[in-house]
Amino acid sequence: EVAERWSPEPEASAMSADRGPATYERPRLLFFFEPTDGYARRVDGFLAQVLQRRRNHETFRIHRIDVHERPDLAARFRVERTPTLCVVHNRRIALRTHRPRGPRELEQLLAPWLQASRVPPKAPH
């Protein structure tokens, strides 16, 4: 499974003998949901579609957070309604969105982190 459970501990930095600590940490995508919410399942599908489209499976560390199991995290991230998606980058909330309407909207919101398509353009005839 691609998703991981949220852990409040910070991700350990990799050390390099010649460069010191690594400075890049993969952004975390926090997906707050209620298990009985059908729309949350649709948004999960939108997310899968967006990440698959441009081969961005490894772009985020994805954490699916059931707000009933982890009300402390919902409160910490000020989640009042579900489904809510938050991108945490460099230990700051860089994006928060509630109930995206489709994969296009979600792709536009996540565009700063998504890599461009790796499919080379077709050569002119």
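Biologist: How many bridges join β3 to β4?

Modeller: Six bridges join them in this predicted model. The two strands run parallel.

Biologist: What makes β3 and β4 a pair?

Modeller: Two strands pair if DSSP finds at least two bridges between them. β3 and β4 have six, so they pair under that rule. Within β4, Asp66 stands opposite Phe33.

Biologist: What is the order of the strands in the sheet?

Modeller: The order is β4-β3-β5-β6, in an open sheet of four strands with mixed pairing.

Biologist: Why is one side of β4 and of β6 left without a neighbour in the sheet?

Modeller: β4 (61-66) and β6 (92-98) stand at the edges, and each has a single partner strand, so one side of each has no neighbour in the sheet. From one strand to the next, the twist averages 20°.

Biologist: Which strands does α1 touch as it packs on the sheet?

Modeller: α1 touches β3, β4 and β5. The direction of α1 makes about 160° with that of β3. As for α3, that helix lies across β3, β5 and β6. It runs at about 165° to β6.

Biologist: Which residues touch the most other members of the largest nonpolar core?

Modeller: They are Leu29, Phe31, Phe60, Val87, Leu106 and Leu110, out of 19 residues in that core. Two or more residues come from each of β3 (28-33), α1 (38-53), β5 (84-89) and α3 (103-110). α1 gives the most, with seven residues.

Biologist: What does Leu29 touch, not counting residues up to four places away in sequence?

Modeller: Its contacts include Leu47, Phe60, Ile62, Leu85, Val87 and Leu110. Arg61 and His63 are also among them. Apart from the largest core lies another, of 10 residues, including Ala74, Val79, Cys86 and Val88.

Biologist: Where does Thr82 lie?

Modeller: Thr82 is in the loop between α2 (71-76) and β5.

Biologist: Why is Thr82 called buried?

Modeller: Buried means under 20% relative accessible area. Thr82 has 12%, so Thr82 counts as buried.

Biologist: What makes the link between the side chains of Thr82 and Glu34 a polar contact?

Modeller: A polar contact needs a pair of N or O atoms within 3.5 Å, one able to donate a hydrogen and the other to accept it. The contact between these two side chains is at 3.0 Å, so the distance meets the cut-off. Thr82 also touches other residues, among them Phe32, Phe33, Asp37, Val67, His98 and Arg99.

Definitions and conventions: Residues are numbered from 1 along each chain as its sequence is written. This is a predicted model: local features need pLDDT of at least 70, side-chain atom pairs count only at pLDDT 80 or more; totals for chains, interfaces and linings use all residues. Side-chain values use heavy atoms; hydrogens and water are left out. A nonpolar core is a set of buried Ala, Val, Leu, Ile, Met, Phe, Trp, Tyr and Cys residues joined through side-chain atoms within 4.5 Å. Buried means under 20% relative accessible area, exposed over 50%, partly exposed in between (1.4 Å probe, protein chains only). Contact means heavy atoms within 4.5 Å. Axes are lines fitted to C-alpha atoms, for helices over the stretch in contact, and angles run from 0 to 180 degrees between N-to-C directions.
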